[in-house]
Amino acid sequence: MKKIIAFNWKMNPASNKEVKKLFKIVSNSDTIVFPPFVYLNTQPKLKKARLGAQNLFWENSPRQLAGRGAFTGEISALMLKNMGVKYVIIGHSERRKWQQETDWTINKKVKTALKAGLKIILCVGENYQIRKKGIKAVKSFIRAQLQKDLKKVNGPLIVAYEPIWAIGSGNFCKPKDALEIIKFIKEIIKPKTPVLYGGSVNSRNILDFLKYEEIDGVLVGGASVDKKELKLILKNIYAY
């Protein structure tokens, strides 16, 4: 299986000028790019890279929930599809924490995205308190996450294992530890579902994860909005 390389730019960069520089770097690479919503239709035409969104709402029309408002500030799966977006991240730990997203809403988002024909990267992972309890506690937590997030879901998707304690901390999960959890995830989800690693991935450690056959790719965060790091990551990937 060809490795999946995804770049989550989160709430970066601050200007259209900067985002155009990032798009220029990745344009001809076989990657998936997740910029903020405001940049989805401002980028130059990507040559090879595919476009993804960092989130979506779990309904496609206000009419679907009559009397509950028109979902001010939300973006629907159909809007994304019509803009040429191919992929969407669902369930990222930062949204679970800061936007209080629950497994119920994540499950609805997964179903909505699949219905619209979007490809999904579903994020799962444990916090440091669970990690301290040991590997059995980690596996139990992730199994429960997947069961709830994928309840009555039959479509294809990609899963990203992102230990919360590693995201944005510079304290990445040891590749062998990530491998153990990714193997576990593969045992409890549909066969052939790609599973990625994410969590402080950078140019110095990316190949330590990609060298394992069972790790199907990486979801890179902060390092992918640093132009120097981004170029090094792409250089390492193409040399791999």
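Helices (H or I, at least four residues) and strands (E, at least two) are DSSP runs, numbered from the N terminus. Residues are numbered from 1 along each chain as its sequence is written. The model is predicted, so local features need pLDDT of at least 70, side-chain atom pairs count only at pLDDT 80 or more, totals for chains, interfaces and linings use all residues, and side-chain values use heavy atoms, with hydrogens and water left out.

**Exercise 1. Place His-92 and describe its surroundings.**

Step 1: find the element. His-92 sits in the loop between S4 and H3.

Step 2: check the burial. Buried means under 20% relative accessible area, exposed over 50%, and partly exposed in between (1.4 Å probe, protein chains only). His-92 has a relative accessible area of 5%, so it is buried.

Step 3: list the contacts, meaning heavy atoms within 4.5 Å. Leaving aside neighbours within four places in sequence, His-92 is in contact with Asn-8, Lys-10, Cys-123, Glu-162 and Ile-167.

**Exercise 2. Find the largest cavity and say what lines it.**

Step 1: set the terms. On a 1 Å grid over the protein atoms alone, a cavity is a set of points where a 1.4 Å probe fits but cannot get out, and lining residues have an atom within 4 Å of a point. Grid points are joined across faces, edges and corners, and a volume is the space filled by probe spheres set on the points.

Step 2: search. Over the whole structure, 1 cavity of 30 Å³ or more turns up. The volume of the largest cavity is about 50 Å³.

Step 3: read the lining. The residues that line the largest cavity include His-92, Arg-96, Cys-123, Gln-145 and Glu-162. At least two residues of this lining come from each of H3 and S5.

**Exercise 3. Work out how the strands are arranged, then look at S4.**

Step 1: get the order. Two strands pair if DSSP finds at least two bridges between them. Here 8 strands close into a barrel, in the order S1-S2-S3-S4-S5-S6-S7-S8, with parallel pairing. From one strand to the next, the twist averages 25 degrees; axes are lines fitted to C-alpha atoms, for helices over the stretch in contact, and angles run from 0 to 180 degrees between N-to-C directions.

Step 2: follow S4 to its partners. S4 and S5 run parallel and are joined by 4 bridges, with Val-88 opposite Ile-120 in S5. H6 packs on the sheet and touches S5 and strand S6 (158-161), its direction making about 145 degrees with that of S5. Strand S3 (residues 50-53) also pairs with S4 in the parallel sense, over 2 bridges, and Gly-52 has Tyr-87 in S4 as its bridge partner.

Step 3: sort the side chains. Tyr-87 and Ile-89 point one way from S4, Val-88 and Ile-90 point the other way, and all are buried.

**Exercise 4. Test the length of H4 and see what covers it.**

Step 1: compute the span. The expected span of a helix is 1.5 Å times one less than its number of residues. For the 14 residues of helix H4 (residues 103-116) this should give 20 Å, and the end C-alpha atoms are 20 Å apart, which agrees.

Step 2: pick out the buried residues. Among them in H4 are Ile-106, Asn-107, Val-110 and Ala-113. An α-helix has 3.6 residues a turn, so residues three or four places apart point the same way.

Step 3: find the cover. The buried residues of H4 are covered by elements including helix H2 (77-82), helix H3 (93-98) and strand S5 (119-124).

Step 4: look past the end. Gly-117, which follows H4, has a positive phi near 90 degrees.

**Exercise 5. Which backbone values stand out in Lys-10, Gln-100 and the bond from Asn-12 to Pro-13?**

Step 1: recall the background. Most residues other than glycine have a negative phi, and most peptide bonds are trans.

Step 2: take the loop between S1 and H1. Lys-10 lies in this loop, and its phi is positive, near 50 degrees. Lys-10 is buried, with a relative accessible area of 18%. Pro-13 belongs to the loop between strand S1 (4-8) and helix H1 (16-26), and a cis peptide bond with omega of about -10 degrees joins Asn-12 to Pro-13.

Step 3: take Gln-100. This residue is in the loop between H3 and H4 and has a positive phi of about 55 degrees. Gln-100 is exposed, at a relative accessible area of 56%.

Methods:
On a 1 Å grid over the protein atoms alone, a cavity is a set of points where a 1.4 Å probe fits but cannot get out, and a pocket is an open set with protein on both sides within 12 Å along at least five of seven lines; lining residues have an atom within 4 Å of a point.
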